[in-house]
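Please read this briefing alongside the structure shown below. It is arranged by topic for a reader new to the structure.

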Amino acid sequence: MAVITYRQAIKDALAEEIMRDENVFVMGEEVAQYNGAYKVTEGLWARFGDKRLVDAPISEAGFIGLGIGSAMMGLRPVIEMMFFSFVYVAWDQAVNNASSLRYMSGGKINVPLVIRGPANGGTNVGATHSHTPENLVANFPGLKVVCPATPADAKGLMKAAIRDNDPVFVMESTVLYGMEGEVPDDEDFIVPLGKADVKREGKDLTIVAHGRSVLMALEAAKELSEKHKIEVEVVDLRSIRPLDEETIIKSVKKTGRALLVEENKPYCGIGAQISHLIQRRCFDYLDAPVHRISAVDAPAFYSPPVEKVQLPEAPIIIREALDMLNVKR
């Protein structure tokens, strides 16, 4: 395996899929000659040319609409959002058209479209650039949503998304682009959509998380083991929709406790959906109520120290886990 960054893993996935399938192309603001706002597409325009890397003007509704139309005609577009917060500008295209066309056509029209880019907070770019829209997108039947937490998952999920025949939103955590990790060299390496991963085995408590929150959960689990002899199982959702319910249920039945961690706002967040699932399927196995940790219910702040307090961090997870297990701090 090679050790590469999260950013490089996504770029490798794009390059391999462009070479594998002549119908794949990348489009978005500054993805070609400028090499991408976060340099995920750096070097791809020079390597593959104008037909495979297409610069678009500032017109999200326009180029997402163009992506949907080209997907309907048999191409496999990958649309980059400079910030995922900008997808709301194209909300009608994304949720009224991309999600519905296969249903409305009686299965005659597929939309093999990927919409990807940086999401979530943590980079001090303020309220309008720090949204966590995965729970909103997942609300629409017909759309698939994935949130990779590691370089390997970033590559494997991206390749699976490009090969899928339905629209897939790949929400990359902005703060993870520079993170390094082992990634398989196999060009056919993919991570199936809808399959969670147990990132750490445990017996005392299950933490369910996705995206950057997985890393916070793993950091907390390590400290809980070393200082308190508490063994936490960390379930990385990877896919928000479809959701791997069976892996969550299996883990909670084993540990008897569930702590849900996400960077979404608490109101109607993904944790609410999973909490409902656990209460319905695992009620007789629970030794404690389900607990949730989410972002503070307020728009994101520019101030670095304030934003850091706003998002779930390892110390918060540790405190919540100790409370759930009635351990004195």
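**Helix packing**

H8 and H12 are oblique to each other, because their angle falls in none of the ranges for roughly parallel (under 35 degrees), roughly antiparallel (over 145) or roughly perpendicular (65 to 115). This is a predicted model, in which local features need pLDDT of at least 70 and side-chain atom pairs count only at pLDDT 80 or more, while totals for chains, interfaces and linings use all residues. Residues are numbered from 1 along each chain as its sequence is written, and side-chain values use heavy atoms, with hydrogens and water left out.

- The axes of helix H8 (residues 212–228) and helix H12 (residues 314–324) come within 8 Å and cross at roughly 55 degrees.
- In H8, Met216, Ala217, Glu219, Ala220, Glu223, Leu224 and His228 meet Ala314, Ile317, Ile318, Ala321 and Leu322 of H12, where contact means heavy atoms within 4.5 Å.
- By class, this contact of H8 with H12 has 9 nonpolar, 1 polar and 2 charged residues.

**The open sheet**

- An open sheet with mixed pairing is formed by 7 strands in the order S3-S2-S4-S5-S7-S6-S12; two strands pair if DSSP finds at least two bridges between them.
- Its edge strands, S3 (53–55) and S12 (239–241), each pair on one side only.
- Strands S4 (residues 76–80) and S5 (residues 114–119) pair in the parallel sense over 3 bridges, and Ile79 stands opposite Ile115 in S5.

**Strands S1 and S8**

- Strand S1 (residues 2–5) pairs with S8 in the antiparallel sense over 4 bridges, and Glu182 in S8 is the bridge partner of Val3.
- Along S8 (residues 180–183), Gly181 and Val183 point to one face and are buried (under 20% relative accessible area, 1.4 Å probe, protein chains only), whereas Glu180 and Glu182 point to the other and are not.

Notes: Axes fitted to C-alpha atoms, helices over the stretch in contact; angles between N-to-C directions. Helix = DSSP H or I, 4+ residues; strand = E, 2+ residues; numbered from the N terminus. Nonpolar A, V, L, I, M, F, W, Y, C, P; charged D, E, K, R; others polar. Buried < 20%, exposed > 50% of the residue type's maximum accessible area, 1.4 Å probe, protein only.
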